[in-house]
Amino acid sequence: MQDKYDHKDIEQKWQKKWQEDGIYETKDKVDGKKNFYNLFEFPYPSGNLHIGHWYAFAVPDIFARMKRMQGFNVLFPIGFDAFGLPAERAAIKRGLDPKKWTYENIAHMEEQLASMGGSFDWSRKVVTADPEYYKWTQWLFLQFYKKGLAYKKKASVNWCPEDQTVLANEQVINGKCDRCGTEVVQKDLEQWFFKITDYAERLLSDLDDLKWPTAIKDAQRNWIGKSEGAQIEFSISNFQFSIPVFTTRADTLYGATYLVLAPEHPWLTQEILNPKSEITNKSEIKNYIEEVKKKTEIERTDAKKEKTGVEIKGIKVINPATGEKIPVWVADYVLGNYGTGAVMAVPAHDERDFQFAKKYDLEVREVVLPNIVDKRNPPVEGKKIVPRVNVHPIVLNPRTGKYLALKWKLFDWTTFPMGGVEDGEDVVEAARREVRSETGFTNLKLIKVLNGRVRAEYFAAHKDQNRISYTTGILFELEDDNQIAQNLEDHEKFEITWLDPKDLNYEVMTHAEIENWKEKMDPKYTVHTGEGILIDSGEFSEIDSEEAREKIIEKFGKKVTKYKLRDWLLSRQRYWGAPIPVVYDRDGKPHSIPDEHLPWVLPEDDIDFTPKGTSPLGSSKELKERTEKIFGLGWTPEYDTMDTFVDSSWYFLRYTDPKNEKEFASIEKMDAWLPVQKYSGGAEHTTMHLLYSRFFHKALFDLGLVKDPEPYIERMNRGLILGPDGQKMSKSKGNVIDPDGEVERVGADTVRMYLAFIGPYNEVGQYPWDVGGIVGTRRFLERVWKISMNITPFPPLNLRGGAEQSEAGVIGSKLENLLHKTIKKVTEDILAFKFNTAISAMMIFANELEHTPEVSKGTFDTFLKLLAPFAPHMTEEIWANLGHKDSIHLEEWPKFDENKIKDEKVTIVVQINSKVRAQFEADSGISEKEVKEKALSLPETQKWLNDKEIKKAVYIPNKLINFVV
Ligand code: ANZ
């Protein structure tokens with residue numbers, strides 16, 4: 001046996017042995033064992049394994065190994081998501097064959113993966129670019145097509161001019177292509193779609209029962225974006241047509257002062273072409289529509305971007321509630337593919353409409369007021385209710401930074417100057433008048449009328465009546481201190497006082513509206529978008545907005561539910577993907593390719609890969625000939641290939657039955673494994689892969705092809721490993737850690753274990769690679785190796801089975817206690833994917849071993865088993881050195897004994913000025929804080945302390961606390 005730990009001697013040796021013995025090959029059924037499907041997202045074969053791959057596969061491997069030792073039959077498969085753009089890029093840039101490039105990468109990565117010591121079942125390898133695989137991707141597409149779940153339509157799509165390809169919405173980040181960063185434009189193309197929108201409601205409601213982190217569920221919920229609202233018709237003033245709008249705020253109907261159409265609105269498209277149309281500025285509108293085409297959806301909906309639009313002249317629509325004719329605009333901020341592509345604009349209550357109305361000088365009509373019932377002066381039952389239109393002048397003295405207020409003499413009130421607005425009087429004038437008469441100040445500079453009135457209900461004690469007030473707040477600055485005499489009567493009632501800005505609150509001031517004024521004084525405030533009480537809304541005035549919403553829908557529209565989720569665009573104008581298995585007859589009508597011609601293989605003759613805006617498949621002679629030979633002259637193949645998210649939507653099904661030539665997977669084999677119990681992957685797949693594959697699974701479920709409506713029971717997103725500089729690893733920053741180099745230097749066990757130690761794996765964090773940290777991990781393994789040198793192999797006792805059989809008499813009870821605690825901690829932490837704290841516990845235990853003169857083999861064996869999932873090579877080597885014949889990885893996972901983790905009791909003595917005054921029993925290891933609290937709570941201590949000030953407390957752990965007074 002080597003007395004120094006040298007990973008180079010052992011790692012490859014064991015990898016070979018495990019491979020030869022096939023210890024990780026998983027049978028579909030093992031008597032007496034439960035199946036457990038532990039899945040991780042399969043990699044794209046980019047060429048070189050990076051540290052992210054290690055983090056993604058080697059760490060969940062710890063979990064798989066423990067589960068196996070716990071007696072589960074664990075499926076832990078691996079494969080390659082092998083289609084995709086980088087292969088094609090290599091073809092374009094470097095003239096390489098995408099297939100050759102991909103498969104060489106796979107071969108290379110397999111070698112690298114072997115060095116990880118992962119317990120993957122290679123016999124179930126799945127490669128999505130294999131014709132044996134994509135045959136079934138195509139077959140599944142055709143099942144969807146037959147069911148009406150795949151369809152073709154012309155659609156405006158995100159187009160990357162650099163990659164010459166269509167991008168999914170998710171692939172557009174801030175208006176740019178997520179791969180190359182080029183500005184994305186909109187383009188109309190015939191495209192294939194999956195009808196994921198048919199599943200929106202189920203994708204949403206079925207989330208409730210999934211054991212997924214809330215953050216992932218919420219992200220999916222937002223992505224699906226359910227919105228319950230109403231559809232209301234606005235007829236064109238000539239009554240020949242009416243335009244439906246979608247609104248979530250039907251209660252604001254009386255405030256709809258104009259209507260906006262999306263530039264893509266079908267009625268508008270038609271009208272522009274209609275020679276008899278009443279629109280008088282068609283060419284202006286046409287130009288505008290062309291302009292908007294250059295903008296991406298993200299730009300159009302960006303709250304910070306200025307909205308643009310053009311009025312559609314010559315027509316108006318009728319607001320069904322007010323009967324008024326209101327103008328119609330076309331504007332970029334209304335999207336063609338959401339709702340009905342038309343909105344009723346309510347600038348008083350919608351921020352986008354407000355910005356737009358300000359810019360184009362359109363009417364803003366307020367119809368919902370926030371309502372406050374004054375808590376301190378609530379309406380008194382039986383008193384008269386008097387409505388009042390009020391004004392609150394808020395006057396700042398810029399020289400002192402204080403606000404003008406009144407302190408009432410008769411009541412405990414502090415208010416702004418205030419008063420009623422007479423019929424027809426201007427609010428600003430009314431405010432000036434009140435300030436003048438109540439305080440005598442005359443020179444006020446108007447800063448602004450605060451946007452939106454506030455309704456309040458209160459008891460006006462000075463008038464002995466209940467009031468409903470509708471108040472406008474007006475901000476002034478005091479220009480100078482000129483003051484005329486106060487109105488005499490007012491002088492009797494109150495005196496002037498000045499308030500600090502911090503005093504503008506309901507504690508100091510009597511106004512129930514004060515918090516609203518503060519909100520409205522914020523420069524960022526625009527309009528009241530919340531609920532409230534309706535005003536100026538005919539029969540619905542004075543009704544609560546939520547109630548009014550229902551009533552207005554009933555009278556003027558109908559309830560509808562809309563989703564933000566769009567159908568899944570799956571066509572790609574690319575070569576390296578699964579060909580869409582469709583051919584077109586001479587009339588251009590699409591036909592499924594019959595099963596006997598599947599796989600419909602990717603052509604491999606002279607393909608022109610250079611981007612031209614059409615699929616490279618169009619340049620294949622072979623494909624054209626193949627099509628005509630099978631289907632007849634004049635028939636043409638579909639040239640587009642499928643989005644790779646289609647390939648990855650079902651790979652985990654194929655793992656259950658990877659070699660099946662007759663089916664994508666047999667129902668029995670899927671039944672043995674599905675649903676996936678634990679799925680780990682990257683946070684970036686939350687709304688794409690995870691949602692797509694859920695949809696796919698549900699569709700398969702409806703087709704009777706799988707048994708469960710959901711594919712994954714538990715999901716976790718892992719974090720990200722950063723470079724040592726705390727930045728994302730990238731070649732250009734020179735901060736990339738090469739796993740191969742690290743494995744060479746410190747060994748795979750150290751690298752695996754370091755990654756498991758870097759941070760909690762069950763949280764989406766960002767962890768910088770720490771050069772010192774990896775040294776620490778390596779030291780730990782070296783220490784374990786050293787401890788093993790002192791263990792005598794072949795002891796007389798039979799030690800198989802674990803700690804429960806360890807010799808209690810031989811190991812000290814303290815060590816035994818810690819061993820059982822460690823088993824418990826490591827087991828629970830691995831289950832929770834908190835590998836880092838499991839490792840800490842093992843480090844503490846190893847430390848204890850080092851300080852124990854004679855460690856029994858039973859104890860050490862047990863410890864080694866705990867460590868085995870983390871450092872599979874080293875533990876296997878030590879295990880063999882200790883005389884065991886079978887692999888440690890086939891051992892049973894240690895169990896802990898509840899009785900042995902109970903802490904010993906100790907007696908804590910309480911002294912006051914070194915005299916013993918009390919004592920109590922506690923668990924050994926109790927903290928100083930707990931001891932102090934407990935000691936002080938004892939009646940004897942309290943008696944002797946007698947409220948004297950404690951100057952100092954001396955604490956001896958597990959023994960004594962002495963209070964010095
Ligand atoms: C009038 C209104 C008044 C609105 C108000 C809001 C506030 P969510 O919740 O996201 O579904 N809208 C409807 N269709 C649109 C489209 N195609 N493009 C852009 N905006 C559209 O949003 C629904 C609200 O978004 C709808 O309710 C509509 O504006 C707008 F005080 O109608 B609302």
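Trainee: In this predicted model, which residue forms a salt bridge with E104?

Mentor: Side chains of opposite charge can pair when their charged atoms come close. The closest N and O atoms of the pair are 3.3 Å apart, and a salt bridge requires a nitrogen within 4 Å of a carboxyl oxygen. The partner lies four residues from E104 in helix α4 (residues 98-114), about one helical turn away. The residue that pairs with E104 is K100.

Trainee: Is K100 buried or exposed?

Mentor: Exposed means over 50% relative accessible area. K100 has 52% relative accessibility, whereas E104, at 45%, counts as partly exposed. K100 is therefore classed as exposed.

Trainee: Which residue meets R432 in a salt bridge?

Mentor: The N to O distance of this salt bridge is 3.8 Å. R432 and its partner both lie in helix α12 (residues 427-439), three residues apart. The partner is partly exposed, at 40% relative accessibility, and R432 is partly exposed at 22%. The residue that meets R432 is E429.

Trainee: On which side of α11 do its buried residues lie, the same or opposite?

Mentor: The buried residues of helix α11 (residues 351-360) are D353, F354, F356 and A357. They cover an arc of only 165° around the axis. These buried residues therefore lie on the same side.

Trainee: How is α22 oriented relative to α25?

Mentor: The axes of helix α22 (residues 748-757) and helix α25 (residues 835-850) come within 7 Å and cross at roughly 115°. Angles of 65 to 115 degrees count as roughly perpendicular. The orientation of α22 to α25 is therefore roughly perpendicular.

Methods. Residues are numbered from 1 along each chain as its sequence is written. This is a predicted model: local features need pLDDT of at least 70, side-chain atom pairs count only at pLDDT 80 or more; totals for chains, interfaces and linings use all residues. Side-chain values use heavy atoms; hydrogens and water are left out. Axes are lines fitted to C-alpha atoms, for helices over the stretch in contact, and angles run from 0 to 180 degrees between N-to-C directions. Helices (H or I, at least four residues) and strands (E, at least two) are DSSP runs, numbered from the N terminus. Angles under 35 degrees count as roughly parallel, over 145 as roughly antiparallel, 65 to 115 as roughly perpendicular and the rest as oblique. Buried means under 20% relative accessible area, exposed over 50%, partly exposed in between (1.4 Å probe, protein chains only). The arc is that of the directions from the helix axis to the C-beta atoms. A salt bridge is a side-chain nitrogen of Lys or Arg within 4 Å of a carboxyl oxygen of Asp or Glu.
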